[in-house]
Amino acid sequence: MTEQQHSHRFERGTDGPKVIVVGLDGSDSSLRAASYAGGLARRQHALLAVVYVQPVMAAGAALGVPVAETTDEIAEGLVAQIRDAAERVKGIFDVRWEFHTFRGDPYNGLVTAADELKADAVVVGASEQAGHRIIGSVAIRLVKAGRWPVTVVP
């Protein structure tokens, strides 16, 4: 590869992260991950991209369960929590943040978010579900993807 070709490549993480993606679903571990990622974003002067992946539950929808409305309410509640937290620390800790919603399963939603937002780092909470020890958690799958530094917050 020539020097000219090399200069046009997108390079991540050279001077610290500029975009940090954090997965938030309302669980205690995801809230701790968001706090950790917020501190990291503040110290690095990075953009904190808070991502909620709305589950797609075809079976629930077929039974008449208003899944989309429920997940929209969850997203609105999470945004309200984030705004309240940001307002409480305004003037003390300033963090640039955005809230993004994607639909799908958590792993593919976070991968899509990290790709589209050109993430330099991904932060997630440790899984709180026992079954993930067998089939693998979202965090383990993100680490195995090997595309971004991944921090797992207990």
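**Strand β4, helix α5 and the surrounding core**

Setting aside neighbours within four places in sequence, A121 makes contact with P17, V19, I20, V21 and P149. These contacts come from a predicted model, and they offer a convenient way into the structure. A121 belongs to strand β4, which covers residues 121-125. With a relative accessibility of 10%, A121 falls below the 20% limit and therefore counts as buried. Its C-alpha lies 8.5 Å from that of V22, although the two residues are 99 positions apart in sequence.

Helix α5 (residues 106-116) comes next. Its buried residues are Y107, G109, L110, V111, A113 and A114. The spacing of such positions can be read against helix geometry: an α-helix has 3.6 residues a turn, so residues three or four places apart point the same way. The buried residues of α5 pack against four strands and a helix, namely β1 (19-23), β2 (47-54), β3 (96-103), β4 and α7 (138-145). At the N-terminal end of α5, D105 acts as a cap, with a side-chain oxygen 3.2 Å from the backbone nitrogen of Y107. Beyond the other end, just after the helix, K118 adopts a positive phi of about 55 degrees.

Helix α5 also takes part in a charged pairing. Side chains of opposite charge can pair when their charged atoms come close. A search of the whole structure returns one salt bridge, formed by the side chains of D115 and R147 with an N to O distance of 2.4 Å. D115 sits in α5 and R147 in the loop between α7 and β5 (150-153), so the pair ties together parts that are 32 residues apart in sequence. Neither partner reaches the buried class: D115, at 30% relative accessibility, counts as partly exposed, and R147 is likewise partly exposed, with a relative accessible area of 41%.

The nonpolar interior brings several of these elements together. The largest nonpolar core holds 18 residues, of which V21, V51, L110, L117, V122, L142 and W148 touch the most other members. At least two residues of this core are supplied by each of β1, β2, α5, β4 and α7. Helix α5 provides the largest share, five residues. Another core lies apart from this one; it comprises 14 residues, including L24, L40, A41 and V50.

Technical notes:
Residues are numbered from 1 along each chain as its sequence is written. This is a predicted model: local features need pLDDT of at least 70, side-chain atom pairs count only at pLDDT 80 or more; totals for chains, interfaces and linings use all residues. Side-chain values use heavy atoms; hydrogens and water are left out. Buried means under 20% relative accessible area, exposed over 50%, partly exposed in between (1.4 Å probe, protein chains only). Contact means heavy atoms within 4.5 Å. A polar contact is a pair of N or O atoms within 3.5 Å; within protein, one must be able to donate a hydrogen and the other to accept it, and residues adjacent in sequence count only if both atoms are side-chain atoms. A salt bridge is a side-chain nitrogen of Lys or Arg within 4 Å of a carboxyl oxygen of Asp or Glu. A nonpolar core is a set of buried Ala, Val, Leu, Ile, Met, Phe, Trp, Tyr and Cys residues joined through side-chain atoms within 4.5 Å.
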